[in-house]
Amino acid sequence: MDDAARRAAEVLIAARGRAFAFTGAGVSTESGIPDFRGPSGLWKRIPPEVFSIEYFFEYPGEAWRLYSELYAVLRSARPNPAHHALARLEKLGVIEAVVTQNIDGLHQAAGSRVVELHGTAGRAVCLSCGARYPVEEALRVIRRGDVPRCPRCGGLLKPDAVFFGEPLPEEALAEAFRLASRARAVLVVGTSLQVYPAALVPEEAARRGARLVIVNLEPTPLDWRAEVVVRESAARFLPRLVEEVERLLSGKDD
């Protein structure tokens, strides 16, 4: 019997209807998307300051060019078993949403209801009027060697993902804290919990008494508060968690 999966399933079922998942880059690594801080992470190849809002304003063309390389990887990725498992947990009524720091859209592709704390890779936003466009329109301009501008007002277009130095989207952040305020359990998956203010969401849930299940290859600052800590990849563990949830919900107890 998979003891960790069973204990995690029991925590989530006990909170059924008032639990959510909080995810980071570790959910998507097995879809071919590099994480940021790992040994082969994105920041080993591209300096983090390239994706700061200050760098973007100073060198928008270069920032867009580097972003286009990242987007090419995201666009070719497909949901892996971890994404599908989280969507299944939602269909079973065990979690009510996924709050994610990821911008790749893979949770949505798998069928989850998603709160995107760091925006999305698939859109461009005008920094003057706020109009949004499919990111491919901006990338076509970049391939011509120009800087993307808003067709409506001429303002500078930027990827609709949160860059360093930018605030998180107000509506997404408010919804994440609403979920945290009522949660009885949080399933934390594939995140170091070191990126703020996003990491405040599970911290707030724990402060209010929510039980934590943490699935991450490396230690996190909230491990000490978690009832279950799993040092395994999300794509390997979450399908087993779903099996345990389904078994317990069906009343089977071998």
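Which residues touch the most other members of the largest nonpolar core? Hi everyone, let's start there, keeping in mind that this is a predicted model. The core has 32 residues, and those with the most contacts to fellow members are Leu89, Leu187, Phe237, Leu238 and Leu241.

Where do the core residues come from? Several elements give two or more: helices H1 (3-14), H4 (81-91) and H9 (234-249), together with strands S1 (19-23), S7 (185-189), S8 (211-215) and S9 (228-230). The biggest contributor is H9, which gives seven residues.

Let's zoom in on Phe237. If we set aside its neighbours within four places in sequence, Phe237 is in contact with Ala4, Ala5, Ala8, Val215, Val230 and Glu232. Two names on that list, Val215 and Val230, are worth finding again in the strands: Val215 stands opposite Val230, which is in S9. The strands S8 and S9 pair in the parallel sense, over three bridges.

Now let's step back to the sheet. Six strands form an open sheet with parallel pairing, and their order is S3-S2-S1-S7-S8-S9. At the edges stand S3 (114-116) and S9, and each has a single partner strand, so one side of each is left without a neighbour in the sheet. From one strand to the next, the twist averages 15°. And how does H9 sit relative to these strands? H9 lies across S7, S8 and S9, and it runs at about 150° to S7.

So far we have looked at one core, but there is a second, separate one. This second core has 29 residues, including Ile53, Trp64, Val135 and Ile142.

Next, please find strand S6, residues 157-161. Is S6 mostly covered or uncovered? Mostly covered: five of its five residues are buried. S6 pairs with S4 (residues 119-126) in the antiparallel sense, over four bridges. One bridge to look for joins Val125 to its partner in S6, Lys158.

Those two strands lead us to our last stop, a pocket. A quick word on how we look for one: rolling a probe the size of a water molecule over the atoms shows where empty space is left. The second largest pocket holds about 310 Å³ of space. Its lining has 16 residues, and those nearest the centre are Arg132, Asp160, Val162, Pro167 and Pro169. S4 and S6 each supply at least two residues of that lining. Which element gives the largest share of the lining? That is S6, with four residues.

Thanks for listening, and do have a look around the model yourselves!

Definitions and conventions:
Residues numbered from 1 in each chain as written. Predicted model: local features only at pLDDT ≥ 70, side-chain atom pairs only at ≥ 80, totals over all residues. Heavy atoms only, no water. Buried < 20%, exposed > 50% of the residue type's maximum accessible area, 1.4 Å probe, protein only. Pairing = 2+ DSSP bridges. Core = buried A, V, L, I, M, F, W, Y, C linked by side-chain atoms within 4.5 Å. Contact = heavy atoms within 4.5 Å. Axes fitted to C-alpha atoms, helices over the stretch in contact; angles between N-to-C directions. 1 Å grid on protein atoms, 1.4 Å probe; cavity = no way out; pocket = protein on both sides within 12 Å on 5 of 7 lines; lining within 4 Å. Points joined across faces, edges and corners; volume = space filled by probe spheres on them.
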